[in-house]
Amino acid sequence: MTEKRLEVTVLEALNHLISNHPQLLAPMYEIVHDRLGLPKNELPYVLGHNRIPLIDIHQFDYDRQLGVEMDIRTKYNYDGILARIYAENKGCLVHKWHQYIPLYDRYFGPYRGKKIRFLEIGVSKGGSLQMWRKYFGDEAIIYGIDLDPECAKLDGQAGQVRIGSQTDLQFLASVVDEMGGVDIVLDDGSHHMDHIPVTLKALFPKVSEGGLYLIEDLHTAYWESFGGSYRSPTNFFSTVIQDLIDDMHHWYHKDGQKRPEVSNFCPGVHIHDSLVVLEKQRVLRPSRSMIA
Ligand SMILES: C[S@@+](CC[C@H](N)C(=O)[O-])C[C@H]1O[C@@H](n2cnc3c(N)ncnc32)[C@H](O)[C@@H]1O
């Protein structure tokens with residue numbers, strides 16, 4: 001076990017102890033930070049107010065000897081095109097977790113080379129729009145929206161960029177109108193638990209049948225700074241995803257549907273590490289038979 005891994009394991013054990021004995025938090029915090037001398041700035045993400053900061057983002061660094069493309073290919077046994085497109089991206093910065101790359105390709109593959117209408121929430125430095133243009137091809141209608149007015153300068157580069165909030169329903173409707181409809185939405189915006197469901201409720205009904213709605217970086221569902229925390233009533237997985245699972249099975253219970261505007265058109269909910277994919281397709285009453 002590496003020293004870093006050992007450190008994380010010890011912290012995980014301490015967190016478990018503190019969850020069961022919150023009164024130990026203050027003395028534990030002092031021991032870990034002051035007596036053991038673990039630097040606070042290397043442990044930036046606080047998982048909960050009664051937990052020792054645990055997630056050190058550096059522990060997720062890719063294997064520098066392998067490089068970005070090979071790290072993705074070997075780790076996920078992936079031989080598709082997107083690893084290269086991502087790894088060779090130049091100019092505008094793009095930031096993606098490596099596990100997303102094969103997943104994007106798995107779900108987006110059938111749309112490549114077609115005149116699809118793709119909307120990414122969260123433009124930032126513009127690298128992802130550049131990556132999508134290379135991946136989907138010239139025919140695709142690619143739009144990005146962002147709250148940051150600075151992003152306006154990226155308009156027309158790899159796609160169209162519009163400035164506004166993912167919680168502004170009028171703005172969202174106007175962008176989709178301008179696009180002539182939307183086939184794929186990728187929410188890589190604020191990652192806040194208060195925003196993601198608002199955007200989903202507004203945009204999912206606008207996605208064409210046969211389309212997709214993705215939400216990424218959902219590890220934030222476990223972070224208080226994004227309005228989430230472990231199994232809390234604000235955690236996206238405990239709220240929206242649980243409701244969608246229950247709604248999907250509404251035929252078999254008497255508690256009704258919680259989010260019919262999504263669930264009546266969502267036959268498949270795919271959950272991956274930090275990435276959720278919702279299929280858009282009208283849900284039909286199930287039927288059964290016995291054949292001999
Ligand atoms: C994670 S970055 C996007 C990264 C980019 N998609 C990429 O892969 O390189 C998130 C972006 O969301 C934007 N953002 C934050 N809150 C937002 C909101 N309420 N509406 C729209 N965009 C928002 C931020 O300004 C930021 O540029």
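# Exercises on a predicted protein–ligand model

The shell around the ligand consists of five nonpolar, eleven polar and five charged residues. The model is predicted, and the exercises below begin at this shell.

**Exercise 1. Determine how many residues surround the ligand, and which elements give two or more residues to the shell.**

Step 1. The count of residues surrounding the ligand is 21, and the closest are Gly122, Ser124, Ser128, Gln166 and Ser190.
Step 2. Two or more residues of the shell come from each of β1 (117–121), α6 (127–136) and β2 (141–146).

**Exercise 2. Describe the protein as a whole: its helices and strands, its buried share and the separation of its contacts.**

Step 1. The protein contains ten helices and seven strands.
Step 2. It has 292 residues, of which 33% count as buried.
Step 3. Among contacts with a separation of 6 or more, 57% are between residues 24 or more positions apart.

**Exercise 3. Establish whether the residues of β1 are buried or exposed, and on which faces.**

Step 1. Five of the five residues of β1 are buried.
Step 2. In a regular strand, side chains alternate between the two faces of the sheet.
Step 3. Arg117, Leu119 and Ile121 lie on one side of β1, while Phe118 and Glu120 lie on the other. Each of these residues is buried, and both faces of the strand are therefore covered.

**Exercise 4. Identify the strands that pair with β1 and the sense of each pairing.**

Step 1. β1 pairs with β2 in the parallel sense, over five bridges. Within this pairing, Phe118 has Ile142 of β2 as its bridge partner.
Step 2. From β1 the chain passes through α6 to β2, forming a right-handed β-α-β crossover.
Step 3. β1 also runs parallel to β4 (residues 182–187), to which four bridges join it. Here the bridge partner of Glu120 is Leu186.

**Exercise 5. Locate Ile142 in the largest nonpolar core and list the residues that it touches.**

Step 1. The largest nonpolar core has 57 residues. Those with the most contacts inside this core are Phe118, Phe136, Ile142, Ile184, Val185, Tyr213 and Leu214.
Step 2. Leaving aside residues up to four places away in sequence, Ile142 touches Phe118, Leu129, Trp132, Arg133, Phe136, Ala158 and Gly159.
Step 3. Phe118 thus appears in two roles: it is touched by Ile142, and it is the bridge partner of Ile142.

**Exercise 6. Examine Ser124 and Ser274: what is the phi of each, and is each buried or partly exposed?**

Step 1. Most residues other than glycine have a negative phi.
Step 2. Ser124, although not a glycine, has a positive phi of about 55°. Ser274 likewise is not a glycine and has a positive phi of about 70°.
Step 3. Ser124 is in the loop between β1 and α6, and Ser274 is in the loop between β6 (269–272) and β7 (275–279).
Step 4. Ser124 is buried because 20 other C-beta atoms lie within 10 Å. Ser274 has 17 C-beta neighbours inside 10 Å, so it counts as partly exposed.

**Exercise 7. Explain why helix α5 is described as largely enclosed by the rest of the structure.**

Step 1. Helix α5 spans residues 100–108, and seven of its nine residues are buried, so the helix is largely enclosed.
Step 2. The buried residues are Tyr100, Ile101, Pro102, Leu103, Tyr104, Asp105 and Phe108.
Step 3. These buried residues of α5 pack against α3 (68–76), α4 (82–87), β4, β6 and β7.

Methods: Residues numbered from 1 in each chain as written. Predicted model: local features only at pLDDT ≥ 70, side-chain atom pairs only at ≥ 80, totals over all residues. Near = placed C-beta within 6 Å. Nonpolar A, V, L, I, M, F, W, Y, C, P; charged D, E, K, R; others polar. Core = buried A, V, L, I, M, F, W, Y, C linked by C-beta atoms within 7 Å. Buried ≥ 20, exposed ≤ 12 C-beta atoms within 10 Å, placed from the backbone. Contact = placed C-beta atoms within 7 Å. Pairing = 2+ DSSP bridges. Right-handed = clockwise from strand over helix to strand, strands pointing away.
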